[in-house]
Number of protein chains: 2
Amino acid sequence: MDKKSPISVTLTPRLESVTVTQWVYQTLRSAVMKGQILPGRALTIRELARVLGVSPMPIREAIRQLSAENALEIQGNRRVMVPKMTAMKFNELCEARIALEPYAAARAMPYLDKEKIEQLRAINALGDQAMAQGNLEEISSLNQGFHRLLYAANPHQVTLPLIESLWLQLGPFMRLATSSLEEYYVIDRHNEAMQAIEKQDSVALQLAIKADIREGIAFVNTPEALHNFIEQSNYAAAN
Amino acid sequence: MDKKSPISVTLTPRLESVTVTQWVYQTLRSAVMKGQILPGRALTIRELARVLGVSPMPIREAIRQLSAENALEIQGNRRVMVPKMTAMKFNELCEARIALEPYAAARAMPYLDKEKIEQLRAINALGDQAMAQGNLEEISSLNQGFHRLLYAANPHQVTLPLIESLWLQLGPFMRLATSSLEEYYVIDRHNEAMQAIEKQDSVALQLAIKADIREGIAFVNTPEALHNFIEQSNYAAAN
DNA sequence: TTTGTATTTTTGTGATCACAATGCTCTAAT
DNA sequence: ATTAGAGCATTGTGATCACAAAAATACAAA
């Protein structure tokens with residue numbers, strides 16, 4: 001029936017207050033993040049409409065939004081797909097994160113009240129828990145939640161959407177890459193970040209965030225390892 | 001007929017090879033950039049469809065894309081408008097530019113061959129010309145073109161879309177603000193940038209870009225001036 | 001004049017349809 | 001066996017329609 005591999009996205013029930021388009025957007029977004037849609041796999045509006053059980057219209061809108069966020073790529077043939085990763089692009093994405101996120105953290109720090117600090121601590125605790133259990137899904141999800149909550153403290157938000165776009169581009173590759181690791185070491189820099197926040201030490205916070213990002217991608221530290229992971233993540237789509 | 005101020009966007013003829021949605025997107029985008037759509041002015045799909053002479057469908061897609069780029073804001077009432085500027089947000093946007101653009105320039109520098117350097121020089125020359133004539137429109141357009149061409153030299157592009165999003169958010173305010181200035185001093189840092197590129201001096205290039213951005217917003221250097229300009233740019237929409 | 005309510009209009013949303021362009025498949029010729 | 005081309009199926013695009021929600025309006029009472 002389908003020429004390529006079948007698409008299976010996790011379907012969550014739609015709340016009534018949410019429009020179909022919003023639900024489709026969230027569903028496709030998390031599918032991309034989870035690596036459920038392989039890079040290079042050609043997507044069609046009608047196929048997705050069938051899979052999600054809606055009309056083509058909401059799909060079109062969600063796809064356009066995701067393309068604007070660089071989560072999907074519209075080719076010249078007006079075909080849509082999850083962009084494939086390259087070593088250079090991966091490098092650029094990581095460096096862009098390092099250029100933006102420490103800055104965003106420093107900008108958010110003055111707005112962190114006791115309540116938000118407590119929330120950050122709570123996420124951190126859950127993260128340690130997930131780490132002990134070796135739950136990769138949970139670890140990366142909580143790690144992302146920590147960063148998001150931190151940056152979002154700044155009420156005059158302009159960087160978070162940009163950072164989310166970077167995450168969205170890195171997400172699928174990171175999932176596919178880490179899924180094959182039996183062990184995933186994360187030297188936790190979040191505690192260092194928390195201490196910097198308590199001292200209101202902007203420089204220390206930036207260094208902690210920077211280190212956290214660098215170490216989060218340390219598993220592809222060598223060029224060969226990176227190359228292997230990229231080959232692997234693009235393999236299924238290459239057929 | 002219309003409850004609020006009429007919308008007048010500059011309509012350029014559509015090329016055949018361009019889809020209606022793309023044309024609508026470009027038209028609305030440049031209208032936002034030119035400040036033709038006042039911040040806070042409520043936009044409706046049908047009204048825009050009437051103004052542009054197309055069906056509501058392409059408008060919907062273009063609006064969704066522009067919203068994803070933070071050029072438009074979808075309110076809870078699911079009403080769409082150009083976001084209003086605040087002093088804090090303006091500050092955040094400028095600082096985000098300064099965090100990203102010098103970095104993007106440094107990342108692009110190794111890829112600047114003679115041809116691209118020549119193109120940059122040509123834009124620079126046109127910029128000086130526009131400056132002599134006091135053509136504000138042209139000055140800011142060429143200035144943006146210079147930056148875009150510089151960053152775009154990097155073939156593994158991830159930052160340019162983020163930067164364009166920042167420009168899109170600053171654009172309308174800058175236009176409205178500078179339009180009331182009879183003189184608009186621009187101390188040209190582009191030549192400094194060019195020299196840094198020739199020497200392949202990454203640090204000097206970053207400093208030049210940083211200075212260029214800072215001086216580009218110097219006309220609202222004092223908090224009072226900024227406040228006045230914001231009041232003024234939001235005035236028409238406040239009625 | 002102001003305030004609350006009922007009526008009318010307009011709006012976003014999502015589905016469906018027509019059409020031209022693109023990709024796919026099957027066949028025939030080399 | 002490989003390839004070129006014709007025919008067919010599928011696609012994205014853009015227009016139109018139905019409907020419920022929201023906003024604007026009109027009108028009543030204070």
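This report walks through a predicted model of two protein chains and two DNA strands, starting with the ground rules.

## Ground rules

Residues are numbered from 1 along each chain as its sequence is written, while chains are lettered from A and ligands numbered from 1 in the order in which they are written. Because the model is predicted, local features need pLDDT of at least 70 and side-chain atom pairs count only at pLDDT 80 or more, while totals for chains, interfaces and linings use all residues; side-chain values use heavy atoms, with hydrogens and water left out.

## Two matching chains

How does chain A relate to chain B? Turn chain A by 180°, with 0.0 Å of shift along the axis, and it superposes on chain B with an RMSD of 0.0 Å (a least-squares fit on the C-alpha atoms of residues with pLDDT of at least 70 in both copies). That is the relation of a two-fold axis. The two copies use the same surface, with 97% of the contact residues of chain A recurring in chain B (contact means heavy atoms within 4.5 Å). Within chain A, the residue closest to the rotation axis is A:Gln65, whose C-alpha is 2.6 Å away.

Now for the contact itself. Chain A puts in 31 residues and chain B 30. The size of an interface is often given as the accessible area lost when the parts come together. Here chain A and chain B bury about 2800 Å² between them, and carbon and sulfur atoms give 59% of that (buried area is the accessible area, with a 1.4 Å probe, that two parts lose on being put together, summed over both). On the chain A side, A:Arg64, A:Glu92 and A:Val158 supply 23% of the area buried against chain B, more than any other three residues.

## Two domains in chain A

Chain A is assigned a domain 1 (20-81) and a domain 2 (87-238), with bounds from an automatic or database domain assignment. Taken over C-alpha atoms, the centres of these domains of chain A are 25 Å apart. Their contact takes 12 residues from domain 1 of chain A and 14 from domain 2 of chain A.

Together, domain 1 and domain 2 of chain A bury about 1200 Å², 64% of it on carbon and sulfur atoms. A trio stands out here: A:Arg29, A:Met33 and A:Pro39 supply 47% of the area that domain 1 of chain A buries against domain 2 of chain A, more than any other three residues.

## Around DNA strand C

Which residues come closest to DNA strand C? Of the 18 that surround it, the closest are A:Val20, A:Thr21, A:Ser55, B:Arg46 and B:Arg60 (near means a heavy atom within 4 Å). Sugar and phosphate make up 57% of the strand C atoms that come within 4 Å of the protein. The surface near strand C has 7 nonpolar, 5 polar and 6 charged residues, and H3(A) gives the largest share, with 3 residues.

Some polar contacts (N or O atoms within 3.5 Å) show the details. A polar backbone atom of A:Val20 is 2.3 Å from a phosphate oxygen of strand C, and a side-chain N or O atom of A:Thr21 is 2.6 Å from a phosphate oxygen. B:Arg46 goes for a base instead: a side-chain N or O atom is 2.5 Å from a base nitrogen of strand C.

## Around DNA strand D

DNA strand D has 19 residues around it, with A:Arg46, A:Arg60, B:Val20, B:Thr21 and B:Ser55 coming nearest. Sugar and phosphate account for 58% of the strand D atoms within 4 Å of the protein. H3(B) gives the most to this surface, with 3 residues.

What does B:Thr21 meet on strand D? A side-chain N or O atom of B:Thr21 is 2.5 Å from a phosphate oxygen. A backbone N or O atom of A:Ile45 lies 3.1 Å from a phosphate oxygen of strand D, whereas a side-chain N or O atom of A:Arg60 is 2.9 Å from a base nitrogen.

Notes: A polar contact is a pair of N or O atoms within 3.5 Å; within protein, one must be able to donate a hydrogen and the other to accept it, and residues adjacent in sequence count only if both atoms are side-chain atoms. Helices (H or I, at least four residues) and strands (E, at least two) are DSSP runs, numbered from the N terminus. Ala, Val, Leu, Ile, Met, Phe, Trp, Tyr, Cys and Pro count as nonpolar, Asp, Glu, Lys and Arg as charged, and the others, Gly among them, as polar.
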